[in-house]
Amino acid sequence: MELDKIYEPQRFEPHWAEWWETSGIFQANPAKPGRPFSLAIPPPNVTGSLHIGHMIGHTEMDMITRYHRMIGDNTLWLPGTDHAGIATQMVVERELAKEGLTRFDLGRETFEAKVWEWKAQYGGNIERQMRKIGDSVDWTRNRFTLDPGLSRAVREIFVRLYEKGLIYRGEYMVNWCPRCHTALSDLEVNHEDTAGNLWEIQYPVKDQPGRFLTVATTRPETMLGDTAVAINARDERYLDLHGKTVILPLAGREIPIILDDMADPEFGTGVVKVTPAHDPNDFEAGKRHNLPHVRVIDNLARMTAEAGVAYAGLDRFEARKKVLADLEAQGLLAATKPHNLPASLCQRCRTIVEPLVSKQWFVKMEPLAKPAIEAVEDGRIQFIPENWSHTYFHWMRNIRDWCISRQLWWGHRIPAWHCGACQGVTVTRETPQACQQCGSADISQDLDVLDTWFSSGLWPFSTLGWPDQTEDLKKYYPTSVLITGFDIIFFWVARMIVMGLECTGEVPFRQVYIHGLVRDAERQKMSKTKGNVIDPLAVTEKYGTDAVRMSLVLAAPPGTDIIASEDRMQAARSFANKIWNAARFLFLNLERAGAEPWAPEEKTSYLPEAVDGVVPLEDRWIFSSLNTCAGEVNKAISTYRFHEAANILWHFFWDDFCDWYIEIKKLRFREGSGLDANWRNILTVFETSLRLLHPAMPFITEELWQRLCAGRAGRPVSIALAQFPQFDERAHDADAGKSFALLQEIIGSARNLRADAKLDPKQQLEAFIYCEGPVAELVTAQKEPIERLANVTMTVAGPAAERARGGKRSTPEFDLVLSVPAAQLEKQRDRLIKEIANLEQVIANSEKQLSNEDFLKKAPEKVLVTLREKLSDYKAQLEKSREALAEL
């Protein structure tokens, strides 16, 4: 039972983190009874490490999982990691570059083996960190998106969608990253406003010397790939140019003038250059007018031979400089104007993305999006907070086909084989030996891999064994909830809903809880450049994991950003220290009482035990307060209001249990008393409190609970498997609540009077309380705790008795007079007189200012509101000061 004097979580947290896993207590069993509760972890990148954003998500997931396990649900929290195609490949390629090698030097198979080696050596970092913070996941079901079972699921859905005509291959404009050497989906591209220029270039009209069409562009290097210029048919300035041509500057190529609504007569010159190979809008215009594609920029962002001898091989931005210089030399650069434009950046490496026409694999999203929209509309899936559903609907109702192929070597290789004989494509679940169209054995697998989000979209059911109908899938799917950040609603949440409905006919989860973004104390987004990043492992080492968890959930109301600061973590550590010290006090005094460690029979609610035939008021009150706390915490956690649960627990344990209940119970403890009813009551409340605190603060509660309950008959091996306390109407005692509140008010009044007089708290004073009826009965019955907690000797008298002199507090139930030494009374009276005079002067000045018409006309409304609020506060304080002086 002996506890260290100092709360040092580092001494016991690693032990429990390891024991929770090795004991197997979090291992789910679909054959066991109980309502299923399941959630899958958002799989972090295998390259990653824990950041503070992970910490809030993992804390909330762990809280809800531990809670459901304790209320008796058959609970599964499934862990795993994502292969993270681009991110992982880039890490390994950087390592190769240090040796002067590229992946091409190794070849595909050797490179893939190298990545698997890297994963085996370094890829478990984030899993080790998850173990350290005590995630109560079932590690026996740990999954990786390139596991054989998940890879089989990926092939299965690819083939199904292909056979239904929902996956196709075609030439389309894609976002191409020249550094990552792969196509990107729209969601993998960030758009940032950048200062740039708008250049106006003159295109000579053929056979009309001296006449030009002026076009404006932010990318002059792409003009070398122009295959038309567009004007609007309604633009009266150019009616005579319908069907004419212009000469493309620098290239000397004749290109048509086309009529298209993409040219806006109201914008600029009303003339638009058309480059189908290098702009999404121009690509569509090219299809409408059957324009050729002239590709002048390659996959490495260098100019191609089609750009002309003068520019071939140049980097795109070097080419821009040369094109502008050559245009100026020929007198065709009409103007250069400053212009802000949205730069498209690769989300992974921040290279400027190049729009290129490429043959890629796509998923037709519109027919898949319709049932996914309906699932949220009809309530089968609920977003919490609900406003995130609007974000989801906006994206789903404006969805475009999804480019799912990536030009990488690490990932799920596309299960399509191209025939060298007939150029046909064979898409199949198993590796074919011959072309399905012509029977030729001259086939080779597609070189591309699937977008990482394609396999992640199958996560909730592929991890449970789909496409097989496993016992896990039958029991735990659909999962109960997904807890994640708002930034991957499009990337992941929407795609899981789409894939879940398509593959299983069921939604992948019933609820989606979206937590906010973690910000610093100044509400700034955390970033390495700002130097305000908090390393969760560093702060858990410094303050303890429980304190970090508590600080985060306290600051995380649904729908708001989360403020993380070390001040809050220090405050939460103080709370953990309070729990530790309370336990230490109880254990030491239990030993002095000559009693053995004890815990009540495990139940979800309790009634207080009588002491000498009567249940003491403090026991009636604390058991009723504990019962209310249990009801409120159950409601808060079950509705994902984690901050409310944390606040309720903090208030109950610190304010009710420690500051009041323990202080009164100290008066009841007797050395050598043994395990009497006083002890059984306080230990029942303490043990029940630990169970209530456990989902939020698992380490300290396990450590202390084991001291009380380890090896006890009828008790589980861990607090994590104990029953979670519930509200019980029988334990509700409103009368005790009112009586104890009155007791607190009497003691608080005496303490406040002492503080007002600036008297030493250790100095015992004489107090007189004037009351009658039930109040007098209560005061008489509770005389000892009042005197001891207020440090007074108390005289009880009726309301008509002659009043003693001193500091006075009056309420409808009682009058309390604290006998204050005359010298202190005089000091207090002098202070109040000065305070009243100062307040009267301030009020007079404020009223004069607010009655000045000129001031009222000139002052901003905000200033006037502030002045009126301050005046109101001054008047309220003046009234209090006058009352205090009158009482003296």
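This is a short group-meeting talk on the fold of one protein chain.

Okay, hi everyone. Before anything else: what you see above is a predicted model, so please keep that in mind.

Let's begin with the whole chain. How many helices and strands does it have? There are 28 helices and 29 strands. Now, why do we call the chain more spread out than a compact globule? Because its radius of gyration is 37 Å, and the globule rule for 888 residues gives 29 Å, so the chain is well over that value. If you'd rather picture a box, the C-alpha atoms fill one of roughly 120 × 80 × 55 Å along the principal axes.

Spread out or not, 53% of the 888 residues are buried. And if you take the contacts with a separation of 6 or more, 77% of them link residues 24 or more positions apart.

What about the outside? The accessible surface comes to about 39,600 Å², and carbon and sulfur atoms hold 49% of that. On charge, you'd count 105 positive and 122 negative side chains, and the centres of those two sets lie 1 Å apart.

Right, let's go inside. The largest nonpolar core has 133 residues, and Phe657 and Phe686 are the ones with the most contacts inside it. Which helix gives the largest share of this core? That's H20, residues 642–665, which puts in 13 residues. Now click on Phe686. Skipping its neighbours within four places in sequence, Phe686 is in contact with Ala583, Leu586, Phe587, Phe653, Phe657, Leu704 and Leu708. So you can see Phe657 turning up again, this time as a contact of Phe686. Apart from that core lies another one, of 62 residues, with Leu161, Ile373, Tyr476 and Ala494 among them.

Next, have a look at helix H17, residues 545–554. Is it mostly covered or mostly open? Mostly covered: nine of its ten residues are buried. The buried ones include Asp546 and Arg549, along with Val548, Met550 and Leu552.

One last stop, Thr484. You'll find Thr484 in strand E22, which runs over residues 479–485. Why does Thr484 count as buried? Because its relative accessibility is 3%, and the cut-off for buried is under 20%. And what does Thr484 touch? Leaving out residues up to four places away in sequence, Thr484 touches Pro42, Trp492, Val493, Tyr513, Ile514 and His515.

That's my tour, thanks for listening!

Technical notes:
Residues numbered from 1 in each chain as written. Predicted model: local features only at pLDDT ≥ 70, side-chain atom pairs only at ≥ 80, totals over all residues. Heavy atoms only, no water. Helix = DSSP H or I, 4+ residues; strand = E, 2+ residues; numbered from the N terminus. Rg over C-alpha atoms; globule rule 2.2 N^0.38 Å. Buried < 20%, exposed > 50% of the residue type's maximum accessible area, 1.4 Å probe, protein only. Contact = heavy atoms within 4.5 Å. Areas by Shrake-Rupley, 256 points an atom, 1.4 Å probe, with all protein chains shown as cover. Lys, Arg positive; Asp, Glu negative; His and termini not counted. Charge placed at Lys NZ, Arg CZ, Asp CG, Glu CD. Core = buried A, V, L, I, M, F, W, Y, C linked by side-chain atoms within 4.5 Å.
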